[in-house]
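Let's take a walk through this fold, starting with its aromatic rings and working outward to the sheet, the core and the loops. Have the model open and follow along.

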Amino acid sequence: MQRQAGRPVMVDCFWHPQVRPTDFILACGDGNSRLTSLRWSQWHPDSAVAEGFNVVNDCKPYCAAGKFHSYRVIVRLNAPQPWKKHPDLAHYTQLSLVYTNGKPDGFGQWVDLPLWN
């Protein structure tokens, strides 16, 4: 597979390529976790770094009645691979979040998530 010259993309819930998005939904099924106010300091062929917020529904007592809380995070993207939908375009496949001031219940200070392709 041929890799396109240039920077990898993030693939959003609607299968659209995104470069340096300011907002990004992590929980595509229900929207209960998303990244907001992203400010990208790096967007390189192998990794990207941003600061922003992870807005997470506490789902208490259940998700429809839950409240959203914002947590400051550092976002790191890694492991670019050819995108199955567009093999000539690379996309990041790994996302890491580092919570810098509080974190959702049950989350560690550092969370690694695979990104869909």
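The structure holds 4 aromatic pairs, where a pair means rings of Phe, Tyr or Trp (its six-membered ring) with centres within 6.5 Å; planes under 30 degrees apart count as stacked, over 60 as edge-to-face and the rest as tilted. Take W40 and W43 to begin with: their ring centres are 4.8 Å apart and their planes sit at 80 degrees, so this pair is edge-to-face. Both tryptophans are buried, which here is under 20% relative accessible area, with exposed being over 50% and partly exposed in between (1.4 Å probe, protein chains only).

W43 has another partner. With Y92 it makes an edge-to-face pair, 5.4 Å centre to centre and 80 degrees between the planes. Since W43 belongs to strand β4 and Y92 to strand β7, this pair ties together parts that are 49 residues apart in sequence. Strands here are DSSP runs of E, at least two residues long, numbered from the N terminus. How buried are these two partners? W43 has a relative accessible area of 3%, and Y92 comes in at 0%. Put the ring pairs together and W40, W43 and Y92 are linked into a cluster.

Before going further, a word on the ground rules. This is a predicted model, so local features need pLDDT of at least 70 and side-chain atom pairs count only at pLDDT 80 or more, while totals for chains, interfaces and linings use all residues. Residues are numbered from 1 along each chain as its sequence is written, and side-chain values use heavy atoms, with hydrogens and water left out.

Now for the sheet. It is open, built from 6 strands in the order β3-β4-β5-β6-β7-β8, with antiparallel pairing; two strands pair if DSSP finds at least two bridges between them. The edges are β3 and β8 (110-114), each of which pairs on one side only. At the β8 end, 5 bridges join it to β7, and the two run antiparallel. Look across to β8 from L95 and you'll find L113 standing opposite.

L95 also takes us into the core. In soluble globular proteins, nonpolar side chains tend to be buried together. The largest nonpolar core in this model has 20 residues, and M10, L35, W40, V75, L77, L95 and L97 are those with the most contacts inside it. A core of this kind is a set of buried Ala, Val, Leu, Ile, Met, Phe, Trp, Tyr and Cys residues joined through side-chain atoms within 4.5 Å. At least two of its residues come from each of β4 (33-43), β5 (48-57), β6 (68-82) and β7 (90-101). What does L35 touch, leaving aside its neighbours within four places in sequence? Its contacts (heavy atoms within 4.5 Å) include F24, L26, F53, V73, V75, L95 and L97.

Right beside L35 in the numbering is R34. Its charged end sits over the ring of F68, 5.1 Å from the centre; the rule asks for NZ of Lys or CZ of Arg within 6 Å of the ring centre and within 35 degrees of the ring normal.

On to the cysteines. Counting a disulfide as a pair of cysteine sulfur atoms within 2.5 Å, the model has 2 of them, in the pattern 1-2, 3-4 when bonded cysteines are counted along the chain. C13 is joined to C28, S to S 1.8 Å, in a left-handed link with -85 degrees about the S-S bond. C13 sits in the loop between β1 (10-11) and β2 (17-18), and C28, 15 residues apart from it, in the loop between β3 (24-25) and β4. C13 is partly exposed at 21% relative accessibility, and so is C28 at 40%.

The other disulfide joins C59 to C63, S to S 2.0 Å, and is right-handed, with 95 degrees about the S-S bond. C59 lies in the loop between β5 and β6, as does P61. Most residues other than glycine have a negative phi, and most peptide bonds are trans. Check the backbone here with that in mind: phi of C59 is near 55 degrees, a positive value, and a cis peptide bond joins K60 and P61, with omega about 0 degrees.

One last stop is A79, in strand β6. Its phi is near 55 degrees too, a positive value in a residue other than glycine, and A79 is partly exposed, with a relative accessible area of 35%.

Technical notes. Helix = DSSP H or I, 4+ residues; strand = E, 2+ residues; numbered from the N terminus.
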